[in-house]
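New to this one? Have the sequence and the 3D view open side by side, and let's walk through it together.

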Amino acid sequence: MPETTPRGLTRLAFGGDYNPEQWPESVWQEDVRLMREAGVTMVSVGIFSWALLEPSPGVYDFGWMDRLLALLHENGIRVDLGTPTVCPPVWFYRAHPEALPVTPEGVRHEFGSRAAICHSNVDYRAAAATITTKLAERYGDHPALAMWHVHNEYGVPVSACYCDSCAAHFRRWLESAYGTVDAVNEAWGTAFWGQRYTDFAQINPPRLTPTAVNPAQALDYKRFADATMRENFRMERDILHRLSPGVPVTTNFMTALSQCDSVDYWAWGREVDIVTNDHYLITDGRRTHVNLAMAADITRSVAQGAPWLLLEHSTSGVNWQPRNPAKAPGQMARNSLTHVARGSEGAMYFQWRQSRRGAEKFHSAMLPHGGTGTRVWREVVELGAALDSLSGVRGTRTQADVAMLWDWHSWWAQTLDWRPSEDHDARERADAFYEVLYDRHLTVDFAHPEADLSAYRLVVVPALYLMTEAAGRNLRRYVEGGGTLVVSYFSGIVDEHDAVHEGAYPGPLRDVLGLTIEEFSPLLQDQLVRITGPDGSELSGDVWTEFVVPRGAETVWTYEDGLVASHPAVTRHRLGEGTAWYVSTRLGAGGLDALLACAIEDAQVAPRVDLPRDVEVVRRSGESGTYLFAVNHTASDAKVPLEAPATELLTGERAAGRLEVPAGAVRVVRLDG
């Protein structure tokens with residue numbers, strides 16, 4: 001069986017993508033010397049190197065890779081070796097232009113970027129299998145090899161192709177999934193608009209149509225595109241497992257909801273030996289460190305709570321957003337150590353040396369254009385030393401307080417055409433609920449709706465438009481067993497085929513919430529409604545309202561105006577040993593905080609110590625002890641209470657009673673006892 005940690009790595013991973021093919025070999029010696037100075041323990045190589053490894057069909061040049069791996073091994077640097085299948089060479093596309101993906105409008109992409117791949121194309125699959133086999137045969141037992149890195153960021157920038165090869169593959173996929181064309185007709189509701197099929201050969205991908213395409217067909221095509229990429233990953237993984245036994249295989253995810261929306265990471269997490277992730281700050285005016293924490297929590301959850309690895313992030317600014325600010329002094333360390341606090345076994349970057357040419361030449365790197373005299377370089381060296389002092393956290397697990405349900409299939413379904421309001425955004429609700437929990441200093445696990453939830457006192461459902469009957473039964477068991485559930489509007493509406501559940505809304509949630517919904521009443525742009533609580537407190541909602549009819553639930557907040565005036569806005573339902581809350585409008589941060597405060601009290605979640613906003617405290621525990629990470633994102637010094645004496649690992653100082661965390665700094669303690 002392959003290992004679940006990078007082979008031969010005895011410290012936290014620190015390093016980044018290394019692309020020495022962009023430089024003369026005379027630079028390599030300097031690179032390795034500086035890597036050792038910075039404390040680099042592992043680098044990723046070969047990810048975009050297919051054209052160099054196979055410069056013409058069937059002609060291979062491994063000499064430069066041989067020399068590179070030998071140099072890294074001699075200097076004690078482990079290697080995450082990529083299969084370069086994200087970027088086939090130009091000669092491949094000239095021979096097989098049909099391997100370039102086609103848009104729904106019928107336009108074929110051209111060569112000249114990256115990840116322009118039709119994943120159904122048999123010639124691409126054969127070529128990818130061949131280059132993977134050649135690499136595994138040559139380097140499968142290389143002493144520098146720590147793990148294999150298949151492809152790169154599946155789903156970005158293209159996940160689905162709509163060509164004739166994909167159409168044929170889609171039909172085979174449907175036949176395997178459904179068995180008969182009649183079952184497809186039933187699942188897709190093709191009686192509507194006269195879309196009934198009598199043969200699989202009649203079915204095409206959801207290409208450009210005059211108006212809205214069949215939503216169940218579009219949803220299944222998203223599933224098919226994701227499954228097809230996963231087929232190709234498994235093909236390469238299995239080759240590597242066979243020819244390089246014992247060495248773990250991964251591919252780099254992009255779990256942040258702000259960065260990839262085409263991949264079902266619950267499914268992908270079961271396929272890799274080590275979950276790895278790439279994360280980049282989105283500078284859209286949000287508190288970027290909250291998005292970072294959320295991405296790390298999602299990644300850890302996809303790994304089923306096991307340690308994972310941050311395989312890419314940036315030392316400073318990126319280059320692909322409309323505006324790309326530099327990171328502030330100390331921000332790189334805060335970002336990196338937050339990922340470690342939330343379960344990563346290190347911090348790696350794109351990339352080691354900043355490129356002089358190409359589309360990413362303005363993307364920051366560990367070694368900037370300005371060299372070792374720069375602030376970024378000094379911070380890289382400081383962080384390398386800090387990570388070296390934290391080796392004891394390896395193998396420990398992050399402790400969570402609450403769970404949030406998330407399902408990529410539900411997100412896909414909710415984004416299809418002709419929903420009640422384009423202003424309702426599943427990602428926005430997830431971000432909003434997460435931010436309130438973050439500000440209450442609670443660590444969040446994410447969970448699939450059908451997962452075992454018994455470990456959590458509180459479970460939050462920010463947006464679950466698509467819900468299976470099994471998920472509904474799961475949530476009922478959870479509440480009856482003593483759990484506290486909070487559900488936001490437009491959840492439990494359709495089944496796995498985007499068919500509305502029989503009976504009144506919200507389908508499988510009717511009994512657990514103790515209510516039905518007669519009608520949705522989305523609000524117009526900028527329209528607000530007032531809601532009041534039993535104590536006279538007043539909140540406001542926007543985007544969405546509903547005509548809620550209690551069927552055992554009690555009304556806690558009531559609408560004061562709008563079409564739904566006098567109807568329940570927020571309800572609470574006791575069921576078995578637990579409680580289920582429902583909110584039927586979009587609350588802002590203050591309203592969500594008031595709602596979650598009530599639910600937290602019901603759940604008897606242990607209150608966090610009084611901490612300033614934007615000072616996060618996270619724990620990792622295991623055989624080596626309990627570690628507390630305190631990250632201060634503010635401009636003021638902070639004090640974090642300690643329940644036991646501790647040793648601060650970054651400074652070596654002892655702490656008791658309170659831990660001093662300077663402005664913008666990170667402190668990590670190992671608690672005694």
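Which cysteine sulfur is closest to the sulfur of C260, and how far away is it? That sulfur belongs to C87, and the gap is 16 Å, too far for a bond. Keep in mind that this is a predicted model. We'll start with the cysteines, move on to the salt bridges, and end with the surface.

**Cysteines**

- A disulfide is a covalent bond between the sulfur atoms of two cysteines.
- The count here comes to 0 disulfides.
- C87 has no bonding partner because the closest cysteine sulfur, in C118, sits 16 Å from its own, while a disulfide needs the pair to be within 2.5 Å.
- C87 is buried, with 17% relative accessibility.
- C260 is buried too, with a relative accessible area of 3%.

**Salt bridges**

- Side chains of opposite charge can pair when their charged atoms come close.
- How many salt bridges does the model have? The count comes to 39 salt bridges.
- One of them pairs R353 with E30, whose closest N and O atoms are 3.5 Å apart. This pair ties together distant parts of the chain, 323 residues apart: R353 is in the loop between β9 and α12, and E30 is in helix α1 (residues 26-38).
- Is R353 buried or exposed? R353 counts as buried because its relative accessible area is 15%, whereas its partner E30 is partly exposed at 36%.
- Another bridge joins the side chains of D238 and R237, with 3.0 Å from N to O. D238 is partly exposed, with 40% relative accessible area, but R237 is buried at 12%.
- D561 and R530 also meet through their side chains in a salt bridge, at 3.4 Å from N to O. Here, too, distant parts of the chain are linked, 31 residues apart: D561 lies in the loop between β19 (554-559) and β20 (568-575), while R530 belongs to strand β16 (residues 528-532).
- Both ends of that bridge are partly exposed: D561 has a relative accessible area of 23%, and R530 has 33%.
- Which residues are joined into one network by salt bridges that share partners? They are R287, E435, D439, R613 and D614.

**Surface patches**

- Which residues form the nonpolar patch that has about 440 Å² of accessible area together? Look for F192, W193 and W418 on the surface.
- To find F192, go to the loop between α7 (181-188) and α8 (215-243). F192 counts as exposed because its relative accessible area is 55%, and the cut-off for exposed is over 50%.
- There's a negative surface patch as well, formed by E450, E469, E496 and E502.
- E502, one of that patch's members, is found in the loop between β14 (484-488) and α16 (510-513). With 73% relative accessibility, E502 counts as exposed.

**A long span**

- Where is R356? R356 sits in the loop between β9 (344-349) and α12 (375-388), which is also the loop that holds R353.
- R356 is exposed, at 53% relative accessibility, while R353 is buried at 15%.
- From R356 to V564 is 208 residues along the chain, and their C-alpha atoms are separated by 60 Å.

Definitions and conventions:
Residues numbered from 1 in each chain as written. Predicted model: local features only at pLDDT ≥ 70, side-chain atom pairs only at ≥ 80, totals over all residues. Heavy atoms only, no water. Buried < 20%, exposed > 50% of the residue type's maximum accessible area, 1.4 Å probe, protein only. Patch = residues over 30% accessible without salt bridge, like charges linked within 9 Å, V, L, I, M, F, W, Y side chains within 5 Å. Areas by Shrake-Rupley, 256 points an atom, 1.4 Å probe, with all protein chains shown as cover. Salt bridge = Lys/Arg side-chain N within 4 Å of Asp/Glu carboxyl O. Lys, Arg positive; Asp, Glu negative; His and termini not counted. Charge placed at Lys NZ, Arg CZ, Asp CG, Glu CD. Helix = DSSP H or I, 4+ residues; strand = E, 2+ residues; numbered from the N terminus.
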